[in-house]
Amino acid sequence: MLMKAASQSLTEQLSARFAERIRSRLLAPGARLPSVRLCAEQQGVSVSTVVAAYDQLLAQGLVVARKNRGFFVRDASLNAASAPAAKAPAAAHTGKHGAAQAADLAPLGAWSTASWMATRQAPVDATALIRGMFHKVSNKPQPGMGVFPPDWLETTFMPAAVRKVTSVSALRDFSLQYGEPMGDSGLRRALSQKLSALNVHAVPEQIITTVGATHALDIVSRTLLRAGDCVMVEEPGWAVEFARLDALGMRILPVPRRADGPDLEVMAQYCEIHQPKLFVSVSVFHNPTGYCLTPGSAHRVLQLAMQHNFHIVEDDTYSHLAPEHATRLCSLDGLQRTIYVSGFAKILAPGWRVGFMAAPPDLVERLLDTKLLATLTTPALLEKALAWCIDQGQLRRHAERIRTRLDAARARSVKLAIAHGCNFATEPAGLFGWVDTGVDTDALAQRMLDEGYLIAPGALFHAVRAPSTLMRINFATTQEAAFWKVFARLRDAVK
């Protein structure tokens with residue numbers, strides 16, 4: 001609620017609150033502001049106060065007014081105020097929990113690449129999610145965040161590793177020249193040994209380091225794809241991946257993710273109709289569902305890849321949280337049509353931005369060329385420090401501690417979610433929970449922001465944004481009753 005203050009009127013407070021959210025992209029371009037009456041009710045102010053606040057936002061050029069529709073965040077890049085939204089051809093309509101209707105796949109095949117490019121919707125605005133994730137909403141634990149809280153990641157061995165590799169002689173050896181194009185050789189040897197424990201066999205010459213796992217995914221896309229190419233991506237899935245591929249001009253083919261793996265029937269139809277060039281998959285602790293791939297599903301996916309000549313990029317970002325025996329496409333395929341991608345931001349050091357990929361031998365040089373054009377090399381200092389952490393067993397022991405702590409947090413979060421009227425759409429596992437709230441989580445998200453909580457609405461995890469009652473929670477940041485009490489109160493208000 002807004003409070004009367006000598007320094008700012010209620011109108012100024014409300015206008016400033018919306019302006020700050022728009023500038024930080026917590027309200028994305030094109031998003032609709034609450035109606036005047038609803039906003040007045042939510043904030044406990046008069047209708048005239050809201051009208052005046054919205055007028056200030058109009059004067060600042062932050063929103064546009066549409067007759068009989070309301071106020072919308074201005075999208076400077078698309079002139080959204082005057083142009084109606086283009087309607088994209090149907091790719092795969094999804095039901096409540098993401099099940100595609102196979103009958104809707106065929107019409108997309110009638111569209112040429114040119115016509116699809118001309119009529120596709122505006123890019124998925126995942127940048128709003130990214131900015132929101134790194135924008136300090138409050139000092140409260142944030143359920144929408146995709147990382148562990150900083151205090152979970154605090155260690156003594158990481159500073160020791162940095163000191164180890166920054167002695168005077170070491171700095172002289174590698175700081176005054178560019179690092180190795182493929183990445184630090186010591187780290188690549190350590191990664192090769194680490195992968196062998198997962199039954200993914202890759203010699204150091206098959207491994208390329210990157211600036212985080214996202215950079216590795218981008219290198220793969222820019223190497224193997226051209227604008228207009230079709231890419232299969234699991235849905236629900238990581239919003240950033242949908243947006244990144246869309247920005248590159250790719251045709252996104254959403255594949256419903258089931259408990260055992262991707263929907264094989266939908267994949268087979270896509271292959272027959274669209275000849276996709278790539279499939280992007282999270283086999284272990286899929287984000288946001290927590291699903292893990294089964295061996296039977298994995299074998300069928302690899303058969304489709306061989307039969308229809310597409311590559312698979314397997315994002316194993318959550319490998320540090322999973323058992324080593326978990327099914328991975330790369331271990332079954334032997335890095336023939338698969339490319340393995342992972343990193344250390346989730347488990348160790350988000351700020352170090354160290355990731356890597358392991359690729360088939362015949363793709364290594366092409367992938368390396370793409371990396372060199374973008375970043376030349378990657379930071380040798382942090383790569384050497386990470387290699388030391390792996391070689392000394394520090395990373396393994398740290399991951400074990402995190403898994404133990406996460407198991408306890410998950411148990412508490414699940415009990416609290418159920419006690420406050422939520423259902424889990426999927427079996428709770430890994431870092432994230434896929435929760436059915438019973439209300440539109442886009443509408444809920446703005447009310448939660450008023451209370452200092454950032455949540456991740458289910459609509460963000462689909463290729464084409466549509467209202468959803470689901471939200472993704474981070475088990476590490478939702479184990480306190482205070483959050484769930486606020487959630488339940490605001491959810492009931494949205495109802």
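**Exercise 1. Is D316 buried or exposed, and what about its partner R328?**

Step 1. D316 counts as buried, at 1% relative accessibility; buried means under 20% relative accessible area, exposed over 50%, and partly exposed in between (1.4 Å probe, protein chains only).

Step 2. R328 is buried too, with a relative accessibility of 0%.

Step 3. The two side chains meet in a salt bridge of 2.5 Å, N to O. Here a salt bridge is a side-chain nitrogen of Lys or Arg within 4 Å of a carboxyl oxygen of Asp or Glu.

Step 4. Both D316 and R328 sit in the loop between β7 (311–315) and α15 (329–333), 12 residues apart. Helices (H or I, at least four residues) and strands (E, at least two) are DSSP runs, numbered from the N terminus.

A word on the model before going on. It is predicted: local features need pLDDT of at least 70 and side-chain atom pairs count only at pLDDT 80 or more, while totals for chains, interfaces and linings use all residues. Residues are numbered from 1 along each chain as its sequence is written, and side-chain values use heavy atoms, leaving out hydrogens and water.

**Exercise 2. Find which parts of the chain are tied together by R17 and D450.**

Step 1. Look at the side chains: R17 and D450 form a salt bridge (3.5 Å, N to O).

Step 2. Place the residues: R17 belongs to helix α1 (residues 10–23) and D450 to helix α19 (residues 441–450), so the pair ties together parts that are 433 residues apart in sequence.

Step 3. Check the exposure: R17 is partly exposed at 23% relative accessible area, and D450 is partly exposed at 23%.

**Exercise 3. Describe the salt bridge of K384 and D184.**

Step 1. The closest N and O atoms of this pair are 2.8 Å apart.

Step 2. K384 lies in helix α17 (residues 380–391), and D184 in the loop between α9 (168–174) and α10 (185–196), 200 residues apart.

Step 3. K384 is partly exposed, at 27% relative accessible area, whereas D184 counts as buried at 7%.

Step 4. For the wider picture, the structure holds 17 salt bridges. A network of salt bridges links D218, R222, E241 and R244.

**Exercise 4. Which strands stand at the edges of the four-stranded open sheet?**

Step 1. Write down the order, β10-β11-β13-β12, with antiparallel pairing. Two strands pair if DSSP finds at least two bridges between them.

Step 2. The edges are β10 (423–424) and β12 (456–457); each has a single partner strand, so one side of each is left without a neighbour in the sheet.

Step 3. β12 pairs with β13 (residues 470–474) over two bridges, in the antiparallel sense. In β13, M471 is the bridge partner of P457.
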